[in-house]
Amino acid sequence: MIRLAILALFLALPAAAAPRDDARALLAWLHAARHDINRDGQAKDRVALQRWRREAQQKLNAWPDNAAHADYMGCRTALVDMTEFLDAYLRKDYAWRDRQGKHFRQDLADCERAVAGKW
């Protein structure tokens, strides 16, 4: 009986860590992509920005939609904001781009707090 309880505890540990690991990996990608997107935007490299848009959409599609990841929805929302920011930039809708940039920064901060565990 005790062995089963210990086994169940050890089996639950990787499942509990997975959402935080997913969020940590996404957060690292968001920071790196943000830097590169800013560089490509300043260079007016539309092809690179379209590539970033596709990659962000792929990450968004791959993000698990389950209760375990609910605490890290700020990370998903930051990814949505990044995608919409890139859409607005490519459409040359600069007012919407600026608005989405502001939302992205706020959601990125929420994601950083969630990953750090400082809620």
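Is Asp40 buried, partly exposed or exposed? In this predicted model, Asp40 counts as buried because its relative accessibility is 8%, and the cut-off for burial is under 20%. The setting of this residue is described below, after the overall fold.

The protein contains four helices and zero strands, and its elements run α-α-α-α from the N terminus. Of its 119 residues, 34% are buried. The surface exposed by the protein amounts to about 7600 Å², of which carbon and sulfur atoms supply 57%. Of the contacts between residues at least 6 apart in sequence, 70% join residues at least 24 apart.

In soluble globular proteins, nonpolar side chains tend to be buried together. Here the largest nonpolar core comprises 27 residues, and Trp29, Leu30, Ile37, Cys75 and Met82 have the most contacts inside it. Two or more residues are given to this core by each of α1 (2-42), α2 (46-62), α3 (73-91) and α4. Helix α3 provides the largest share, nine residues. Beyond its neighbours within four places in sequence, Cys75 touches Ala23, Leu26, Leu30, Trp63, Cys111 and Val115.

Two of these partners, Cys111 and Val115, are also among the buried residues of α4, as are Phe104 and Leu108. The buried set of α4 further includes Gln100 and Asp107. Helix α4 spans residues 94-116 and reaches 32 Å from its first C-alpha to its last, close to the 33 Å expected. After α4 comes Gly117, with a positive phi near 80 degrees.

Side chains of opposite charge can pair when their charged atoms come close. Seven salt bridges were counted in the model. In one of them, Arg39 pairs with Asp36, with the closest N and O atoms 3.1 Å apart. These two residues are separated by about one helical turn, because they lie three residues apart in helix α1. Asp36 counts as buried at 18% relative accessibility, whereas Arg39 counts as partly exposed at 45%. Arg39 also forms a salt bridge with Asp40, where the closest N and O atoms are 3.4 Å apart.

A further salt bridge joins the side chains of Asp87 and Arg53, at 2.5 Å from N to O. This pair links distant parts of the chain, with Asp87 in helix α3 and Arg53 in helix α2, 34 residues apart. Asp87 counts as partly exposed, at 24% relative accessibility. Through shared partners, salt bridges join Asp36, Arg39 and Asp40 into one network.

Definitions and conventions
Residues numbered from 1 in each chain as written. Heavy atoms only, no water. Buried < 20%, exposed > 50% of the residue type's maximum accessible area, 1.4 Å probe, protein only. Contact = heavy atoms within 4.5 Å. Areas by Shrake-Rupley, 256 points an atom, 1.4 Å probe, with all protein chains shown as cover. Expected span 1.5 Å × (residues − 1). Core = buried A, V, L, I, M, F, W, Y, C linked by side-chain atoms within 4.5 Å. Salt bridge = Lys/Arg side-chain N within 4 Å of Asp/Glu carboxyl O.
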